[in-house]
Structure formats: C-alpha cells, structure tokens
Amino acid sequence: MDPSNAPPRFSLILPSYNGKETLPDCLKALQRLRHPEGEVEFILVDNCSSDTTAELLKEAALSLGGQFLAEDRQGKSFALNTAIAVARGDFLIFSDDDTLADENWLNAYAKAIEDHPQRSVFAGQIRPEWRSKVPVWLNELADRGQVCGCTPSDRKEGPYPPQLVKGANVMIRKEALNEHAFDTETVNFGANSAQIGGEDTKLMQELVAAGEEIIYVPDARLEHIVQERETTLPFILRRQMRIGRGNAASEGIAIPSALRICGEIGAYIIAAPALCVLGHKATAVHQLMKMARRAGMIQLWYSRLFG
C-alpha cells in the first residue's frame with residue numbers, strides 16, 4: 001500500500017453550529033497539536049450554521065489537510081454520525097468548537113492506547129478557560145467536575161463511569177461502535193426544541209452495557225472556553241434543567257420515581273440556603289443544581305404525560 005494512502009491512526013471529529021465566537025481559538029489550538037505526520041485526519045462538520053462557521057471550517061480544513069463536511073439536518077448527532085461514516089482512523093476522537101486542545105492531547109491518547117491495549121473507550125480531562133473573573137464557588141465546582149463541562153481535577157487514570165464522560169473529549173475505537181451511533185431520535189442536541197441533548201452520555205451508557213470499560217486519561221487534556229454569560233447562576237441552573245430533561249428522555253421515569261424525585265427537590269431547596277448560611281457556597285449551589293436537574297426530569301415527564 002502506498003504510505004500516502006494508508007489510513008490514519010486517529011480521526012479527529014469537530015462539529016460546529018454557529019461557533020464563530022470560539023472557533024478561531026479552537027482551530028488555532030488544533031494547528032499546534034503535536035503528532036506524527038499522517039497519524040491524524042481532521043473532519044470538520046458544519047451543522048446548518050447561519051454565521052461564518054462554514055467559512056472558518058473550510059479554511060481550517062485546507063490548512064490542516066483535513067476534510068470539511070456540511071450536514072444539512074439540524075442536530076449534533078446528525079453531524080457526528082455523518083463524520084463517523086467517512087472517518088478512516090482506527091480511533092475516533094470527538095471534541096467541540098469551544099475547546100482549546102493541549103499540544104500533547106493526541107500523544108496522551110496514543111500512550112493510553114499502549115497502556116490499555118484491551119480498551120476501546122477513553123475520556124480525557126477538561127479544565128475551564130475562564131473568559132471573565134469568576135467567584136470562588138464556581139472555581140471549586142469546576143475543580144470537582146460538577147459545572148461548566150469540566151472533569152474532576154484530581155481524578156487519576158483508570159476506569160471511569162459513563163455519566164461523568166464529557167462529549168467534548170472522548171476517544172472511541174471505531175470497530176467498538178459496531179451498530180452503535182449517536183442517538184438522533186430523543187437526545188439529538190439542537191435538532192428541535194424537544195431535543196435537549198445528552199447524546200454523548202447515552203452512547204457511553206450503551207457501550208458500557210455492551211461490555212466496554214471507559215478509561216479516564218487526565219493527560220489527554222483540553223480547556224473548555226467559558227464565556228461570562230455561562231458563569232451566572234441562572235445560566236448554570238437552566239443548563240442543569242436541560243441535562244435533566246435529557247436524562248429523562250433517554251432513561252424514562254416511572255410514577256414512583258417521579259414521586260421520589262419530587263421529594264428530593266424539596267430536600268435540596270431546604271438544604272441549599274442552610275449550607276449557604278454556614279459558608280459552604282459551592283455545596284449550596286450544587287444542591288440547587290441537583291434540584292434543577294430533577295426539575296428538568298419532572299418537566300419532561302409531565303409534558304409527555306399530559307402534553
């Protein structure tokens with residue numbers, strides 16, 4: 001086989017919808033990645049953007065020697081699955097348009113493959129890249145991996161639960177996908193007002209149910225760009241409600257579970273102000289986040305039951 005036609009080891013997949021605000025920095029970081037020549041192909045997917053995202057991705061694809069795709073069906077899962085269909089790499093790496101990859105990101109994943117040759121699913125570390133000054137409690141929650149798409153800062157390499165995986169930093173052996181794909185029916189983020197996301201978590205749960213074990217790789221690190229508007233408590237709680245709706249859409253809720261969840265909501269409402277008075281602001285906010293997530297679950301359950 002001509003070496004120039006040999007399939008790459010990695011296919012790096014980056015979808016974007018109206019990402020012009022963060023894409024330039026994201027794409028610059030990809031340009032700085034360290035990797036052996038021919039080891040990675042870049043697949044950049046525009047998902048029906050109405051801004052300059054498509055132009056930015058086309059330019060970057062040329063610069064990176066990669067491939068630009070246009071997915072005309074609105075929804076992140078559509079964009080991801082379209083990229084998977086054309087990817088030639090043995091391992092697929094998924095990221096988002098608001099991330100900044102560390103220069104050694106790919107090398108860290110390559111080492112993880114060598115250290116865990118029997119494993120097919122890997123998740124990397126995500127730290128915040130604050131674009132504004134943030135309160136102490138928000139930094140603390142980010143270090144715990146509880147907010148802003150971050151992972152726990154002190155987590156060591158090893159097995160990792162699917163519910164903690166962040167879709168912005170995941171690597172999957174392509175052959176492990178088999179019939180699996182990102183869900184396009186219930187948790188396809190952005191497809192319509194009823195599609196509230198969670199496609200990454202759902203896929204991870206399916207792979208684990210099929211016998212795969214996820215390995216956390218802290219050295220495969222990138223940063224998540226967090227805009228000022230994303231650091232406010234109302235924004236954080238709205239996002240938790242959306243995550244809760246996604247959980248309910250993929251897992252379902254029986255009436256006994258709904259009654260239990262309502263009770264939990266009340267407990268969190270009581271606990272949060274008490275913790276705040278005691279000076280535990282981060283934990284108090286986390287109680288509100290859990291309340292919001294469960295409220296989102298009940299909201300979706302109620303709308304489907306009576307809507």
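1. A residue is called exposed when its relative accessible area is over 50%, buried when that area is under 20%, and partly exposed in between. Asn178 has a relative accessible area of 63% and is therefore exposed. The model under review is predicted, and the points below should be read with that in mind.

2. Asn178 also stands out for its backbone. Its phi is near 50°, a positive value in a residue other than glycine. The residue sits in the loop that runs between α6 and α7.

3. Cys48 is another non-glycine residue with a positive phi, here about 65°. Its location is the loop between β2 and α2. With a relative accessibility of 28%, Cys48 falls into the partly exposed class, because that value lies between the limits of 20% and 50%. A positive phi also occurs just after α7, where Gly211 has a value of about 110°.

4. Overall architecture. The protein contains 10 helices and nine strands. Its radius of gyration is 20 Å, close to the 19 Å that the globule rule gives for 307 residues, so the protein is as compact as a globular protein of that length. Along the principal axes, the C-alpha atoms fill a box of roughly 65 × 40 × 40 Å.

5. Burial and contacts. Of the 307 residues, 51% are buried. When contacts between residues at least 6 apart in sequence are considered, 78% of them join residues at least 24 apart. The accessible surface amounts to about 14600 Å², and carbon and sulfur atoms account for 52% of that surface.

6. Cavities. How many cavities of 30 Å³ or more does a search of the whole structure find? The search returns two. The volume of the largest cavity is about 100 Å³. Its lining consists of 13 residues, and those closest to the centre are Leu80, Phe94, Gly167, Phe182 and Asp200.

7. Which elements each supply at least two residues of the lining of the largest cavity? They are α3 (76–86), β4 (91–95), β8 (169–173) and α7 (199–209). The most comes from α7, which gives four residues. Sorted by class, the lining has seven nonpolar, two polar and four charged residues.

8. The helices α3 and α7. In α3, eight of the 11 residues are buried, so this helix is mostly covered. The buried set is Lys76, Ser77, Phe78, Ala79, Leu80, Thr82, Ala83 and Ile84. These buried residues pack against β1 (10–16), β2, β3 (67–70), β4, α6 (174–177) and α7. In α7, the buried residues are Glu199, Asp200, Thr201, Lys202, Leu203, Met204 and Leu207. Leu80 is thus named both among the buried residues of α3 and among those closest to the centre of the largest cavity. Asp200 likewise appears among the buried residues of α7 and in that central group.

9. The second largest cavity holds about 30 Å³ of space. Lining it are Leu14, Cys26, Leu30, Ser95, Asp96, Thr99, Ala101, Trp105 and Leu222. Two or more of the lining residues come from each of α1 (23–31) and β5 (99–101). By class, this lining divides into six nonpolar, two polar and one charged.

10. The second largest pocket. Its space comes to about 320 Å³. There are 20 lining residues, with Gly38, Val40, Glu41, Leu64 and Gly65 nearest the centre. At least two lining residues are supplied by each of α1, β2 (40–46) and α2 (53–64). The largest share, four residues, belongs to β2. The lining comprises 10 nonpolar, eight polar and two charged residues. The helix α1 therefore recurs, as an element that lines this pocket and the second largest cavity.

11. Ala284 in α10. Is Ala284 buried or exposed? At 5% relative accessibility, Ala284 counts as buried, because the value is under 20%. The residue belongs to helix α10, which spans residues 281–306. Apart from neighbours within four places in sequence, Ala284 is in contact with Ala272, Leu275 and Cys276. Ile269, which is 15 residues from Ala284 in sequence, lies 9.5 Å from it in space, C-alpha to C-alpha.

Conventions. Residues are numbered from 1 along each chain as its sequence is written. This is a predicted model: local features need pLDDT of at least 70, side-chain atom pairs count only at pLDDT 80 or more; totals for chains, interfaces and linings use all residues. Side-chain values use heavy atoms; hydrogens and water are left out. On a 1 Å grid over the protein atoms alone, a cavity is a set of points where a 1.4 Å probe fits but cannot get out, and a pocket is an open set with protein on both sides within 12 Å along at least five of seven lines; lining residues have an atom within 4 Å of a point. Grid points are joined across faces, edges and corners, and a volume is the space filled by probe spheres set on the points. Ala, Val, Leu, Ile, Met, Phe, Trp, Tyr, Cys and Pro count as nonpolar, Asp, Glu, Lys and Arg as charged, and the others, Gly among them, as polar. The radius of gyration is taken over C-alpha atoms; the globule rule is 2.2 Å times the number of residues to the power 0.38. Buried means under 20% relative accessible area, exposed over 50%, partly exposed in between (1.4 Å probe, protein chains only). Contact means heavy atoms within 4.5 Å. Accessible areas come from the Shrake-Rupley method with a 1.4 Å probe; for residues, only the protein chains shown count as cover.
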